[in-house]
Amino acid sequence: MFEALQDGLSGALNSLRGKGKLSEANMRDGLKLVERSLLEADVNFDVVRHFMDRVVEQAVGEKVLKALNPEQQVIGIVYQELCDLMGPVDHSLHLKGKEEVTVLMMCGLQGAGKTTTCGKLGKMLTESGRKPLLVAADLQRPAAIDQLQVLGEQVGIPVYADRTEKDPVKVCNAAVREAKKLGADTVILDTAGRLHIDAELMGQLERIDKKCGPEQIYLVVDGMTGQDAVNSAKAFNEALEIDGVIMTKLDGDARGGAALSVKHVTGVPIKFMGTGEKLEALEQFHPDRMAQRILGQGDVLSLFETAQKEFDQDQMLAQEEKLKKGEFTLDDFRKQMAMIAKPGLMQKMMGMMPGMGQMKDAMDDFDESEMNGLFGIIDSMTPAEKINTKLIDQSRRRRIAAGAGCEPHQVGEMVKQYEAMAQMMTAMAGKGMRERMKMMNEVQSGLASGGTLARKKQSTGKRLTNAQKAKMRKEREKEMRKRRKRR
């Protein structure tokens, strides 16, 4: 998500580093690169002009230019302006008490992901203790009713549909009455979409708004469509006065232009964002966290929330206690791998970690199904071998490989990877977030330079380290070049 924008802004801001002294001229040159990165990310031209006026006004002042770290000051200014551009955001759904029925109306163009988002929102409400009712008010597309009913079954939410009725307003009114009978406290209206905005569609939505009086109207837009998403948001807001935008498909190759533009153009913020096809993949949109991601600073809060939701917390606490004692067996290694091997989860979490963008890119081709081979190797070991890998000699490797259906050298490679991870995990145990991030960045540096995760050899004080060997090699090559020049 937003990789191109992140790379462009990082490159632009890095151009300000390394200069002996920043002047107004080279500051403006660096900010020109920032402007170009925003335009290349398909940010609305008027939005870019407004944003850059604000940044330049603050960045070229004497206070910034004479600061000890002017480039850090500029990053701070860009960060704050990004936050202001996308926020503030009120995440409340403004739900009434459970004794009354709250009506939420969803609208958007066809193909934006509106029906799926209704299911996601319904699931979110159910998890917060509400009793939602999904309403199939999209009578233009017959498959929309079937799709909503399938989603309702998946999340255990009732769906109101009337295939004989042709007027969506009557369907919506009847659904609100049905909600009272069922004891539902929240009605989610899945209204009709179109391939493009037209008068008939807007008239239909205005009648539903007038007759049903929804407490909140949300527009679902496709983040992949760039400025088309912004233009449709503007048109819908002028007709309905929407209360928020839900932007979908932000887990794909969205360039970021729509997310940065929609609030400034419409005055309406993005409230939620869809980050995947699963019904759990609907998250609150936080401008400050998004600004951190765009500037390559990670998103530690979202990372923590994802870990809380995805991982077994009791198991993680028990594992932390074992690590503090220096215990990390192959069974523990298998459990750790099983937790992070969910489709797309590893890449998603890497994207949230500060400075881990390169590692995320390196893992884009990672196939979680390959974990099955690793699990097969571990499952073919005896309990004693899982606790003490030093027992695994050549004959045992052959036996394990035969049981796992692989080659003996693959068993050896897996054991090396485990030993390296065990060393890193036990070293991290009990340390704070900052120290752990520092260690992860060291790992990233090694992988980015073409290395692999490997156990560090303990120095005996007699042998040279790899760094010392490399330094001596460079010195020898330098001396050889000098000798050739003398000849």
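Trainee: What joins strand 6 (residues 244-248) to strand 7 (residues 270-274)?

Mentor: Three bridges join these two strands, which run parallel; pairing requires at least two bridges found by DSSP, so strand 6 and strand 7 count as paired. Val 245 stands opposite Ile 270 of strand 7. Strands (E, at least two residues) and helices (H or I, at least four) are DSSP runs numbered from the N terminus. The model is predicted, with local features needing pLDDT of at least 70 and side-chain atom pairs pLDDT 80 or more, while totals for chains, interfaces and linings use all residues. Residues are numbered from 1 along each chain as its sequence is written, and side-chain values use heavy atoms, without hydrogens and water.

Trainee: Why is helix 11 (residues 257-266) called mostly covered?

Mentor: Eight of its 10 residues are buried, that is, under 20% relative accessible area (exposed is over 50%, partly exposed in between; 1.4 Å probe, protein chains only). Among them are Leu 260, Val 262 and Lys 263. Gly 267, with a positive phi near 80°, follows helix 11.

Trainee: Why are helix 9 and helix 10 called oblique to each other?

Mentor: Their axes, lines fitted to C-alpha atoms over the stretch in contact, with angles from 0 to 180 degrees between N-to-C directions, cross at roughly 45° and come within 10 Å. Under 35 degrees is roughly parallel, over 145 roughly antiparallel, 65 to 115 roughly perpendicular and the rest oblique; helix 9 and helix 10 are therefore oblique.

Trainee: Which residues make that contact?

Mentor: With contact meaning heavy atoms within 4.5 Å, helix 9 contributes residues including Leu 201 and Glu 206, and helix 10 residues including Phe 236 and Leu 240.
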